[in-house]
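Please walk through this protein strand by strand, and set out how its sheets, helices and core are put together.

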Amino acid sequence: MHPGPLLFCGDPHGQWQHIIDAALQTRARAVILLGDLEPARPLHLELQAIWERVWFIHGNHDTDHADHFANVWHSEVSERQLHGRVVTLPCGTRIAGLGGVFRGAVWYPKDQQAPKFRNREDHARVTPRQDRWQGSVHLKHWSSIYPDEVEQLAAQQADVLITHEAPGYHEHGFKALDDLARRMGVRMTVHGHQHDCLDSSARWAAQGFQSFGVGLREVMAWPSGG
Ligand SMILES: [Mn+2]
């Protein structure tokens with residue numbers, strides 16, 4: 001087992017060497033990718049040198065192109081996909097993942113309207129055949145967040161929640177993710193997508209968990225002294 005920190009990696013957008021270097025230099029115990037991966041090859045090939053330590057969620061840009069979809073939803077990498085589930089790492093940390101983004105065509109929690117679809121299956125049923133991807137919803141909506149995915153996570157407990165969208169502390173974030181974090185009892189959340197890492201520590205006590213953003217192609221080590 002590698003003794004180093006957890007590494008949280010902000011939107012790689014197709015670049016990997018800085019992640020591999022950081023994982024090897026810090027002897028990271030796990031390497032966690034926060035979405036917008038856009039790998040040119042299947043993810044397990046891009047990160048072959050450290051693959052046994054890698055976990056990930058997808059971002060909105062991972063459904064921009066069919067080839068990126070294939071490399072992120074590849075059967076060889078699915079066991080490392082954290083979206084919609086809780087995994088206990090070898091170090092004992094329970095980590096939960098919610099990939100993708102909120103979209104009004106499905107569910108936009110800020111607009112106070114009921115979700116249009118509870119899950120991808122319901123959405124697929126009204127998707128015209130020529131618009132379907134892999135027999136389901138349009139390619140774009142494979143990276144949309146559905147309410148049932150959030151509910152399934154909320155019924156579980158974890159130590160860390162990673163999301164692509166930011167929680168409520170962020171100007172462009174969502175209070176719905178604060179609710180999710182509290183229901184899961186997590187002590188910290190980490191997100192990508194916004195390409196920034198604002199200091200939200202003044203809000204931690206009130207929101208009930210620590211929150212971190214990781215910038216574009218940046219790497220955050222946890223614990224930071226590790
Ligand atoms: Mn994004």
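In this predicted model, strand S2 (residues 30–33) is joined to strand S3 (residues 54–56) by 3 bridges, and the two strands run parallel. Across this pairing, Ile-32 of S2 stands opposite Trp-55 in S3. S2 is also joined to strand S1 (residues 6–9), again in parallel, through 4 bridges. Here Cys-9 has Leu-33 in S2 as its bridge partner. Between S1 and S2 comes helix H1 (residues 17–26), and S1, H1 and S2 make a β-α-β unit that is right-handed.

S1 has a further pairing with S9, which is antiparallel and extends over 4 bridges. In that pairing, Ala-221 in S9 is the bridge partner of Leu-7. Taken together, 4 strands form an open sheet with the order S3-S2-S1-S9 and mixed pairing. S3 and strand S9 (219–222) are the edge strands, each of them pairing on one side only. On average, neighbouring strands of this sheet are turned by 20° against each other, direction ignored.

Which way do the side chains of S2 point? Ala-30 and Ile-32 point one way from the strand, while Val-31 and Leu-33 point the other way. All of these residues are buried. Ile-32 touches Leu-6, Leu-7, Phe-8 and Cys-9, and also Trp-55 and Ile-162, when residues up to four places away in sequence are not counted. Ile-162 belongs to strand S6 (residues 160–163), a member of the second sheet described below.

Cys-9 is found in strand S1. With 26 other C-beta atoms within 10 Å, Cys-9 is buried, because 20 or more are needed to count as such. Leaving out residues up to four places away in sequence, Cys-9 touches Ile-19, Val-31, Ile-32, Leu-33, Leu-34, Val-214 and Val-219. Cys-9 and His-191 are 182 residues apart along the chain, yet their C-alpha atoms are separated by 9.2 Å. Where do these residues stand in the nonpolar core? The largest such core has 50 residues, and Leu-7, Cys-9 and Ile-32 are those with the most contacts inside it.

The second sheet is also open, with 5 strands in the order S4-S5-S6-S7-S8 and mixed pairing. Its edge strands are strand S4 (86–88) and strand S8 (210–213), each pairing on one side only. Neighbouring strands in this sheet are turned against each other by 20° on average, direction ignored. Within the sheet, strand S5 (residues 94–98) and strand S6 (residues 160–163) pair in the parallel sense over 4 bridges. Ile-95 has Val-160 in S6 as its bridge partner.

Helix H6 lies across S5, S6 and S7 and runs at about 155° to S6. H6 (residues 175–184) also packs with helix H5 (residues 147–154), at an angle of about 25° and with the axes 9 Å apart. Since angles under 35 degrees count as roughly parallel, H5 and H6 are therefore roughly parallel to each other. At their interface, Val-150, Leu-153 and Ala-154 in H5 meet Leu-180, Arg-183 and Met-184 in H6.

Some backbone details remain. The loop between strand S7 (188–191) and helix H7 (204–207) contains His-193. His-195 has its place in the loop between S7 and H7 as well. Phi of His-193 is near 70°, a positive value in a residue other than glycine. His-195, which is not a glycine either, has a positive phi of about 60°. Are these histidines buried or exposed? His-193 has 25 C-beta neighbours inside 10 Å and so counts as buried. His-195 has 15 other C-beta atoms within 10 Å and is therefore partly exposed.

The last detail lies in the segment after S9, where Pro-223 has its place. The peptide bond from Trp-222 to Pro-223 is cis, and its omega is near -5°. Trp-222 itself falls within S9 (219–222), one of the edge strands of the sheet that S3, S2 and S1 share with it.

Key
Residues numbered from 1 in each chain as written. Predicted model: local features only at pLDDT ≥ 70, side-chain atom pairs only at ≥ 80, totals over all residues. Buried ≥ 20, exposed ≤ 12 C-beta atoms within 10 Å, placed from the backbone. Pairing = 2+ DSSP bridges. Right-handed = clockwise from strand over helix to strand, strands pointing away. Core = buried A, V, L, I, M, F, W, Y, C linked by C-beta atoms within 7 Å. Contact = placed C-beta atoms within 7 Å. Axes fitted to C-alpha atoms, helices over the stretch in contact; angles between N-to-C directions. Parallel < 35°, antiparallel > 145°, perpendicular 65-115°, else oblique.
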